[in-house]
Amino acid sequence: MKIYQTQAAPNPRRVRMFLAEKGIDIEYIEINLAAGENLSDEMRAKNPTTKIPFLELDDGTCIGETVAICRYFEELDNENPLMGRTPLEKAQVEMWQRRAEFHFMLPIGMCFQHTSGYFKDRMTPVVEWGEVCGNNAVKYFDDLNEHFKESQYLVGDYFSIADITLLCAIDFARVVKIRPSAEYMHLLDWHKRVSSRPSAAS
Ligand SMILES: N[C@@H](CCC(=O)N[C@@H](CS)C(=O)NCC(=O)O)C(=O)O
């Protein structure tokens, strides 16, 4: 089994952190995104979206999409569940996971791609759209700060994949100079708590 990934990109970090929490060691194959290695015919045949990370099983089956990869390992090893332990918790994890993606990870990704021109060889950057996305992501800090007033993690006192997603997105947001300011003290407390987990060094 191996995972194709790029060390500096935020979605692969989500998978690395998830697997580190579970104590799962796996081979990682580094892909140079800037050089377009993910766009080669060989990569496209394995993973038609060309996005990383993706998992290749020993029989050649490939699984793309960060959450699908995590789901696979969650189902294999349920000693330390990170996607919920009860029906209610599973729903709450999914709710926060989707919020972290839709309200923060995706807009930050759009902001990066459209304002930096990093992928201008494969897409048309629209700077104004990137700026709108960045501003929308910043607005979400208010909701998060309010939430962490009462809650240790996104789902009460249960650390989950949703926290991993949010941490990786917030840390990546530095590349577009977006970070929570001191006024977001509850969000910053959460950030400190989650960053202190050994898996966060992944
Ligand atoms: N929906 C995918 C998104 C993956 C994604 O956007 N990966 C980025 C790196 S974080 C990528 O491969 N970018 C390369 C490109 O767009 O060519 C997931 O959740 O895994």
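This passage describes the surroundings of the ligand and the setting of Asn38 in a predicted model. Local features were taken at pLDDT of at least 70 and side-chain atom pairs at pLDDT 80 or more, while totals for chains, interfaces and linings use all residues. Residues are numbered from 1 along each chain as its sequence is written, and side-chain values use heavy atoms, without hydrogens and water.

The shell around the ligand (residues with a heavy atom within 4 Å of it) holds 13 residues, of which Lys51, Ile52, Glu65, Thr66 and Arg122 come nearest. By class, seven are nonpolar, three polar and three charged. Helix 1 (residues 10-22) contributes the most to this shell, with three residues; helices are DSSP runs of H or I of at least four residues, and strands are E runs of at least two.

Oxygen atoms of the ligand lie 2.6 Å from a polar side-chain atom of Lys51, 2.9 Å from one of Arg122 and 3.0 Å from one of Asn38. The protein buries 83% of the 520 Å² that the ligand exposes when taken alone (Shrake-Rupley method, 1.4 Å probe).

Asn38 belongs to the loop between strand 2 (27-30) and helix 2 (41-46). Its relative accessible area is 7%, so Asn38 counts as buried (under 20%, 1.4 Å probe, protein chains only). Within the protein, the side chain of Asn38 makes a polar contact of 3.4 Å with the side chain of Arg122 (N or O atoms within 3.5 Å, one able to donate a hydrogen and the other to accept it; residues adjacent in sequence count only if both atoms are side-chain atoms). A polar side-chain atom of Asn38 also lies 2.9 Å from the backbone oxygen of Thr50.

How values were computed
Nonpolar A, V, L, I, M, F, W, Y, C, P; charged D, E, K, R; others polar. Buried < 20%, exposed > 50% of the residue type's maximum accessible area, 1.4 Å probe, protein only.
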